[in-house]
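Me: Please take a close look at one part of this structure, the interface between two of its chains. I would like the symmetry, the contacts and the strand pairing treated together.

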Protein chains: 4
Amino acid sequence: MNTIGHIYRLTSFGESHGPAIGGVIDGIPAGVEINLDEVQRQLDRRRPGQSSIVTARDEKDRLKVLSGLFEGRTLGTPIGFMVENTDHHSADYENVRHTFRPSHADFTFTRKYGLRDHRGGGRSSARETISRVVAGAFARQVLQTVGIEIYAYTSQVGDIALEPNYLHYDLASIDSNDVRCPDPAIAKRMREKIERVKAAGDTIGGVVTGLIRGCPVGLGDPAFGKLHALLAGAMMSINAAKGFDYGMGFAECGRLGSEMIDRFRVNEEGEIHTLTNHSGGIQGGISNGEDIYFRVAFKPVATLLREVETINDASQPVTLKARGRHDPCVLPRAVPVVEAMAAMVVLDAYLANKTCRM
Amino acid sequence: MNTIGHIYRLTSFGESHGPAIGGVIDGIPAGVEINLDEVQRQLDRRRPGQSSIVTARDEKDRLKVLSGLFEGRTLGTPIGFMVENTDHHSADYENVRHTFRPSHADFTFTRKYGLRDHRGGGRSSARETISRVVAGAFARQVLQTVGIEIYAYTSQVGDIALEPNYLHYDLASIDSNDVRCPDPAIAKRMREKIERVKAAGDTIGGVVTGLIRGCPVGLGDPAFGKLHALLAGAMMSINAAKGFDYGMGFAECGRLGSEMIDRFRVNEEGEIHTLTNHSGGIQGGISNGEDIYFRVAFKPVATLLREVETINDASQPVTLKARGRHDPCVLPRAVPVVEAMAAMVVLDAYLANKTCRM
Amino acid sequence: MNTIGHIYRLTSFGESHGPAIGGVIDGIPAGVEINLDEVQRQLDRRRPGQSSIVTARDEKDRLKVLSGLFEGRTLGTPIGFMVENTDHHSADYENVRHTFRPSHADFTFTRKYGLRDHRGGGRSSARETISRVVAGAFARQVLQTVGIEIYAYTSQVGDIALEPNYLHYDLASIDSNDVRCPDPAIAKRMREKIERVKAAGDTIGGVVTGLIRGCPVGLGDPAFGKLHALLAGAMMSINAAKGFDYGMGFAECGRLGSEMIDRFRVNEEGEIHTLTNHSGGIQGGISNGEDIYFRVAFKPVATLLREVETINDASQPVTLKARGRHDPCVLPRAVPVVEAMAAMVVLDAYLANKTCRM
Amino acid sequence: MNTIGHIYRLTSFGESHGPAIGGVIDGIPAGVEINLDEVQRQLDRRRPGQSSIVTARDEKDRLKVLSGLFEGRTLGTPIGFMVENTDHHSADYENVRHTFRPSHADFTFTRKYGLRDHRGGGRSSARETISRVVAGAFARQVLQTVGIEIYAYTSQVGDIALEPNYLHYDLASIDSNDVRCPDPAIAKRMREKIERVKAAGDTIGGVVTGLIRGCPVGLGDPAFGKLHALLAGAMMSINAAKGFDYGMGFAECGRLGSEMIDRFRVNEEGEIHTLTNHSGGIQGGISNGEDIYFRVAFKPVATLLREVETINDASQPVTLKARGRHDPCVLPRAVPVVEAMAAMVVLDAYLANKTCRM
């Protein structure tokens with residue numbers, strides 16, 4: 001299943017070294033002005049080759065929109081789009097044609113489908129997230145028309161972590177450094193950490209924190225479509241994701257109910273809010289109008305830039321040294337992907353919410 | 001959206017104090033013998049009133065199967081089922097008819113839909129999980145015909161936690177105590193903790209660990225349908241869930257790739273396995289034949305058995321004292337729900353996998 | 001797949017001689033007052049035993065609503081419902097346990113699933129339409145709040161047919177006779193025809209005409225979700241349906257474009273309408289505000305009340321004489337089912353249409 | 001909703017004069033060899049400009065496959081594809097920018113979405129069927145690996161009609177003439193009819209007959225997913241379709257059950273078949289192994305090549321003369337579209353059927 005969403009839906013396609021990565025966005029509301037430069041800017045944030053701490057693969061990653069726009073506005077019809085794969089170094093992967101790299105999809109994909117495109121990870125490559133970033137960038141522009149804003153940032157790399165509370169940070173500074181961490185001093189330490197790991201031919205994991213602001217009360221459903229369940233499914237489908245929590249999350253397990261409940265207050269405008277927001281902006285699966293915040297854990301990528309012992313598809317031992325271009329840490333490039341997935345989920349829930357009363 | 005799954009699908013219905021909770025299971029394979037006593041046994045594990053540490057609500061929770069079985073076997077047609085709500089103490093909730101309890105769905109539900117059934121939480125009640133347990137119990141019996149087994153247990157209550165590695169424990173002893181923790185000594189401490197919290201009119205959170213054994217290679221898809229993404233979406237849709245991770249999960253963020261990759265080995269039967277299993281049995285979203293393990297974090301339930309200041313639907317301050325029967329800790333009763341959701345996700349992926357080759 | 005619809009969805013369950021027939025209605029808007037007596041009245045219109053020209057099976061067919069309503073209004077949560085099967089004459093079917101009746105689902109169902117519930121047709125029984133009538137009756141009440149009305153009537157039995165144009169008839173008189181034909185004289189001839197056919201142990205086919213009035217402009221999508229495609233799929237899923245057309249339908253094949261195009265006119269209120277309505281109220285898959293009319297062809301039912309030569313599941317010849325209670329003509333009872341399917345499709349499209357702009 | 005299918009799914013995109021028409025095929029089984037020349041050949045059959053009786057628009061309609069194939073075989077991943085729109089004569093449509101052509105989607109689309117791409121019909125153009133033909137051509141090649149073959153032909157143009165029974169005709173001769181009618185003499189008369197109608201600036205309707213051979217027993221479901229209901233929904237979603245029936249179809253309404261039931265016979269190989277096939281290869285919604293045959297009615301296209309009185313979007317009368325290139329009769333080019341939709345529906349049902357037993 002390569003479709004996500006119920007009303008706002010992305011159907012994606014593409015292998016890393018095939019002709020193109022792309023997708024179809026269906027269910028986008030009609031009449032919304034779209035700034036394609038801004039969509040491209042989001043793609044550029046995801047693009048490899050931005051700095052020394054991410055892979056040097058120098059894809060242009062130019063978006064081509066194939067349908068759905070007319071004179072700058074959405075038609076309400078599907079947005080077909082693609083990004084051509086122009087910087088193929090497919091020969092780099094010839095040595096893995098018959099080899100199963102440890103902790104990659106090589107073995108599982110081959111056993112499931114009976115064959116695989118071994119070049120650059122094929123469908124299991126993180127290049128697949130291009131489609132997500134595009135569909136997320138469209139969703140974001142739609143959401144901005146109703147005042148919903150989405151942010152994400154690198155909050156942990158290895159053992160270097162920010163304060164849990166996003167309110168400590170200036171979100172405008174997220175893109176001021178190539179780690180995408182809103183604390184410049186800690187960003188510098190994270191960057192040094194990544195450089196050291198890279199120099200050792202190793203990789204490192206971390207955490208991205210996401211934030212959704214301006215969400216009205218009412219998004220999400222009481223049962224399977226809880227807003228945080230949709231966010232969890234979406235985030236966990238990002239390559240290398242290992243965990244998700246929202247609000248106080250795992251930290252809440254050790255706490256008492258009396259510490260965690262968010263008491264109501266009525267503000268000067270007569271609007272109902274909560275004094276605290278341990279819940280993370282969602283109650284009973286439905287947004288309550290407060291900030292929605294969550295974390296996504298990413299593992300260290302499995303491609304080490306050093307020799308690794310593994311096996312081939314004849315179950316024989318082989319020694320492998322990766323030759324492609326790889327990230328020592330996915331976090332900086334995962335940030336725009338997390339934002340994109342959040343935007344898609346929220347827009348989908350926003351549109352669904354229009355149907356819950358006549 | 002009250003349906004979960006693509007091929008094996010549960011569509012659920014029911015409010016806490018309405019006539020019944022139930023659902024329709026669609027897509028169950030034909031010809032499978034079903035032991036309804038075993039389905040009822042799973043419901044009984046979820047049932048309130050089992051011990052002093054869970055809510056005293058004494059529902060009989062008797063399963064009625066309305067269709068889909070013939071002479072003890074599945075027909076391949078939908079299984080309609082219901083559990084009647086017989087132990088109504090609806091009057092207990094009259095005081096919350098116009099009140100928004102803090103950290104409940106009262107406010108968000110009412111704002112979304114314009115009205116709510118205030119009795120016992122209505123659709124947002126954890127009684128909704130009855131449908132999940134039933135559909136999971138059916139799925140489980142189907143999975144057992146192909147050797148797939150599912151386990152879950154309480155691994156943390158407050159600050160009392162088991163070893164992370166499930167291999168330390170005897171899974172056969174999970175149900176030997178009412179906390180559903182496979183370490184009897186720690187179970188005793190957890191139970192004491194819950195009793196203390198309850199005595200104080202408070203509640204406490206914790207973690208359930210899940211385990212799927214015997215899963216063949218090949219379940220799950222490369223993109224949005226990654227097996228762990230489906231698990232995450234399913235688990236996070238359980239009432240009170242706040243976080244999900246699998247394999248090394250959040251702990252993996254602080255680690256190096258060289259520590260985390262799972263090297264292959266070929267066993268004496270010539271089968272490919274991994275030496276370690278940090279990945280948690282899933283590579284690139286597809287099961288690799290190793291054990292799949294994961295954690296689900298649960299918050300302390302929001303209903304405190306003490307006076308709480310809150311507001312009513314006219315935005316006026318009110319004082320509330322819960323009178324219904326409530327769990328001081330959801331963990332013991334969440335265990336069968338986690339198992340049920342896992343069974344549904346795995347069976348759905350198992351059936352989907354049949355279609356990926358001609 | 002036992003679910004129909006995208007936003008307003010019915011998931012149905014039930015075998016003819018199982019405990020109950022029922023379903024779950026999901027996606028119904030919140031806050032709509034529901035008259036359950038009116039839902040029961042629709043069920044009664046579908047009910048066997050109403051007159052001598054339909055099956056004498058005397059089911060009470062009492063609707064039980066299990067969830068989703070609160071103080072007379074929809075909660076926005078799923079409506080679980082069921083109708084118990086109380087008038088079992090299962091023994092009547094013992095003779096077909098191992099027999100494949102000609103032009104029934106016995107053979108195909110058994111080969112597909114490996115087993116079947118032979119009693120009363122099991123899942124393939126027309127009793128399955130109970131769920132449709134209930135979900136349609138709910139949909140209809142929702143549609144009435146926005147002025148959309150739905151009608152159907154028997155327009156042909158054997159070679160006795162009404163004028164094609166529904167404007168010739170007084171729709172208020174549809175239920176004035178047990179054939180459900182709005183022309184009393186022709187209804188009488190149809191009834192006599194059915195009686196004669198029945199007396200001969202035979203059955204007869206016919207046509208139901210459907211009509212949707214008050215539909216706003218904009219329902220339906222340009223591609224796969226054309227409103228008439230959704231209607232076609234829904235109608236053709238009714239037991240015994242063999243054909244569907246809308247507007248001028250099959251008659252349009254022999255005509256010129258210049259005869260068939262519907263020219264626009266602007267009425268005194270400045271509203272855009274068409275002078276003719278050969279199109280049947282839908283242009284390019286989207287409703288244009290005119291009346292939507294269509295036909296559904298039904299075959300003569302395959303159960304003859306005489307001896308029939310057939311084979312058993314050991315491929316041996318057997319002689320069979322049906323003993324159950326069967327309709328000599330499905331048309332009268334198909335009328336409320338056609339209306340129900342139309343109501344579901346239109347409400348689904350109506351709700352979807354709310355999401356096509358921000 | 002621009003997706004059709006449950007397991008084998010096409011999501012399509014594209015406006016007539018936008019950059020491209022295309023789609024994503026999801027759920028195609030892995031490891032199937034694909035002959036892309038054959039896919040292109042199907043596109044060429046649909047292509048305008050093939051002869052004087054279809055539109056002269058001379059699109060190259062070259063297929064570009066963007067993903068999902070590797071060394072000539074399907075990967076099991078989505079097939080992204082597109083056909084660029086290279087023969088734009090968009091200026092031809094400037095006169096309809098503010099005009100609503102009668103019996104087109106101009107009015108309904110504009111009212112639904114608030115804007116439209118007026119060039120060449122935009123999303124409502126029959127160019128959208130390019131995506132269907134591509135996805136159908138892939139499906140067909142998959143079906144051929146299990147011996148399922150699909151045919152369609154023009155069986156009626158205006159009042160010139162073939163015998164209803166397809167067995168009268170040599171299906172190998174369908175493409176021997178540009179009407180795609182298997183009777184050369186009648187094809188000649190149809191062609192002359194179309195030429196006459198075209199000379200008069202008019203258009204004409206007709207019927208396509210479809211045939212599915214080699215389908216195993218068991219495809220389709222008992223309730224909403226009846227195989228003929230899926231076919232109906234798919235066929236009726238083709239531009240200009242007005243009606244669908246299968247087996248004896250509408251003709252069955254006037255017949256007795258005793259005439260229509262298909263008695264079983266056991267052939268020399270011991271296989272169960274029917275003596276007649278009035279049912280059209282489907283019993284109770286499930287294929288019975290006999291030929292599946294059906295008809296699709298198409299209206300005369302609404303674009304007349306003469307002056308037409310209509311209104312503009314300010315509700316003022318205007319006179320319009322179409323200047324684009326248009327078909328006087330859609331039938332010849334509808335044939336490959338009908339085949340494509342049939343192939344998609346059958347493959348989807350074939351794959352679903354794999355999941356109905358363990």
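Reply: The account below concerns the interface of chain D and chain C.

The model is predicted, and local features need pLDDT of at least 70, side-chain atom pairs count only at pLDDT 80 or more, and totals for chains, interfaces and linings use all residues. Residues are numbered from 1 along each chain as its sequence is written, chains are lettered from A and ligands numbered from 1 in the order in which they are written, and side-chain values use heavy atoms, with hydrogens and water left out.

A turn of 180 degrees, with a shift of 0.0 Å along the axis, lays chain D on chain C with an RMSD of 0.0 Å (least-squares superposition on the C-alpha atoms of residues with pLDDT of at least 70 in both copies). This is the relation of a two-fold axis. Within chain D, Gly233(D) has the C-alpha nearest that axis, at 2.1 Å. Both copies use the same surface, since 100% of the contact residues of chain D recur in chain C.

In terms of extent, chain D contributes 103 residues to the contact and chain C contributes 103 residues, where contact means heavy atoms within 4.5 Å. About 7,700 Å² is buried between the two chains, and carbon and sulfur atoms give 65% of that area; buried area is the accessible area (1.4 Å probe) that two parts lose on being put together, summed over both.

Four salt bridges are found across the interface of chain D and chain C (a side-chain nitrogen of Lys or Arg within 4 Å of a carboxyl oxygen of Asp or Glu). One of the salt bridges joins the side chains of Glu252(D) and Lys242(C), at 3.3 Å from N to O. There are also 41 residue pairs in polar contact, both residues at pLDDT 80 or more; a polar contact is a pair of N or O atoms within 3.5 Å, where within protein one must be able to donate a hydrogen and the other to accept it, and residues adjacent in sequence count only if both atoms are side-chain atoms. On the side of chain D that touches chain C, helix H2 (residues 106-113) of chain D gives the most, with seven residues; helices are DSSP runs of H or I with at least four residues, and strands are runs of E with at least two, numbered from the N terminus.

The backbone takes part through strand pairing. Strand S12 (residues 241-246) of chain C runs antiparallel to strand S12 (residues 241-246) of chain D, paired over three bridges (pairing requires at least two DSSP bridges between the strands). Here Asp245(C) has Gly243(D) as its bridge partner in S12(D).
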